[in-house]
Amino acid sequence: MTLKDFFEEIDEMVSTVNSPGFDIEIVETKNVPSFNDASITYDNLDTNTKSCKRLESCVLYVDMRDSTQISAVKRPKTLSKIYSSFVRSMISCAGYFGGYVRNIIGDRVMVVFDQEDCFKKSVDTAILMNSVGQYILNKRIKDVTFKCGIGIDFGTMLIAKAGTIKRGAEKEFYRSLVWLGNPANIASKLTDLAFKSESYSIPVVHQGNYYRYTDRWVWFDKTYEQFIDDLEVTHTRMLKHKDDNFCSFFKSSKGSYNSYKPILISESVYNGFKKACPEDESIKNSWWHKKSFNLKGFSENLFGGDIYFKAVKEL
């Protein structure tokens, strides 16, 4: 096949899938589908159809912290043991409370839950994973300080088949279930932050006010937006500060530091869990700590906790 023929073939395929006559059938579900679910199909270019499912539930991601450092371990046998221990342990944790592993990419494991009792099951799974990570894996893995981060979100996800049909040994690499929608994206972002610390600088305006009656200066920081909001236009179209004591300013920066707990859950998950399990020990003892979170497309607060099951310390 020439390149020209190849491009024409791809163009025809994309054009067909995106045409008004190509029908997408969406089936609502309350249970986590498997790859072999007959209600989820590939693009059928003969019938111009594709079938997907839609699920409203919780999705959880877990991965290792400092995986770059872990990957730098020089002994390949040791490295293999670390990854094997982590993935096998997290898969076992996922199944203990009825979760379904739906993706494993390197050191990241994705777990989805049936809609019924999804808040309790997902949070309990996160606590179980944190227990195993901190008190078993960290104890048994000697070459590195072992940590894992966990993130959970709740919402509606569209489940579709991606890839193409292949035969033979290579077929598994050409197909997968994809989970489309904000919950999977947000849970993954929360996992990126969990059990991490970060420091950064914020640009500010260092403003100086002079109080003439007491003959003293006071300096304080304002964001650019706050400083601009304090300016007004005079009748001569000049800029003037609203505070009569304002005297001077200069640009500066202010350091900030964030430390995140090993388990991060969205406000939707926290509220759902609190409603479903008001007597849970973590709710009654206020072990979840609210934190503001700025992410494009995500307007909720998040809640973080370093919570574990006490039985793990009896080993």
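1. Where is K222 found? K222 sits in strand β8, residues 216-223. Strands here are DSSP runs of E with at least two residues, helices are runs of H or I with at least four, and both are numbered from the N terminus. With a relative accessibility of 16%, K222 counts as buried; the cut-offs are under 20% relative accessible area for buried, over 50% for exposed, and partly exposed in between, using a 1.4 Å probe and protein chains only. Setting aside neighbours within four places in sequence, K222 is in contact with V204, V205, Q207, F227, D230 and H241, where contact means heavy atoms within 4.5 Å.

2. A word on what you're looking at. This is a predicted model, in which local features need pLDDT of at least 70 and side-chain atom pairs count only at pLDDT 80 or more, while totals for chains, interfaces and linings use all residues. Residues are numbered from 1 along each chain as its sequence is written, and side-chain values use heavy atoms, with hydrogens and water left out.

3. On confidence: pLDDT is the predictor's confidence in each residue, on a scale from 0 to 100. The chain averages 88, and 92% of the residues score at least 70. Within the chain, helix α2 (residues 67-71) has the lowest confidence, with a mean of 65, and α7 the highest, at 97. Where pLDDT is low, the predicted coordinates should not be read in detail.

4. Now the α4/α7 pair. Helix α4 (residues 118-140) packs against helix α7 (residues 267-276) at an angle of about 110°, and their axes are 8 Å apart. Axes are lines fitted to C-alpha atoms, for helices over the stretch in contact, and angles run from 0 to 180 degrees between N-to-C directions. The two helices are therefore roughly perpendicular to each other, on a scale where under 35 degrees is roughly parallel, over 145 roughly antiparallel, 65 to 115 roughly perpendicular and the rest oblique. From α4, F119, K120 and V123 meet S268, V269, G272 and F273 of α7. By class, that contact has four nonpolar, two polar and one charged residues. For the classes, Ala, Val, Leu, Ile, Met, Phe, Trp, Tyr, Cys and Pro count as nonpolar, Asp, Glu, Lys and Arg as charged, and the others, Gly among them, as polar.

5. α4 also has α3 (residues 76-96) to deal with. The axes of α3 and α4 come within 9 Å and cross at roughly 150°. On the α3 side the contact is made by S85, F86, S89, M90, C93, A94 and Y96, and on the α4 side by T125, L128, M129, V132 and L137. Sorted by class, there are nine nonpolar, three polar and no charged residues in this contact.

6. Is I82, another residue of α3, buried or exposed? I82 is buried, with a relative accessible area of 3%. From I82 to L3 is 79 residues in sequence and 44 Å in space, C-alpha to C-alpha.

7. V62 is worth a click too. V62 belongs to strand β2, residues 49-64, and counts as buried at 0% relative accessibility. Not counting residues up to four places away in sequence, V62 touches F86, M90, D107, R108, V109, M129, C148, G149, I150 and T191. F86 and M90 also turn up in the α3 side of the α3/α4 contact, and M129 in the α4 side. The C-alpha atoms of V62 and K240 are separated by 52 Å, with their positions 178 residues apart along the chain.

8. Two backbone oddities to check. Most residues other than glycine have a negative phi. D117, in the loop between β4 (108-112) and α4, has a positive phi of about 60° although it is not a glycine. D117 counts as partly exposed, at 47% relative accessibility. D215 is in the loop between β7 (197-211) and β8, and its phi is also positive, near 55°. With a relative accessible area of 55%, D215 is exposed.

9. Last, S39. This residue lies in the loop between β1 (23-29) and β2 and is partly exposed, with a relative accessible area of 29%. Leaving aside neighbours within four places in sequence, S39 is in contact with S51, C52 and K53. S39 and Y224 are 185 residues apart in sequence, and their C-alpha atoms are 53 Å apart in space.
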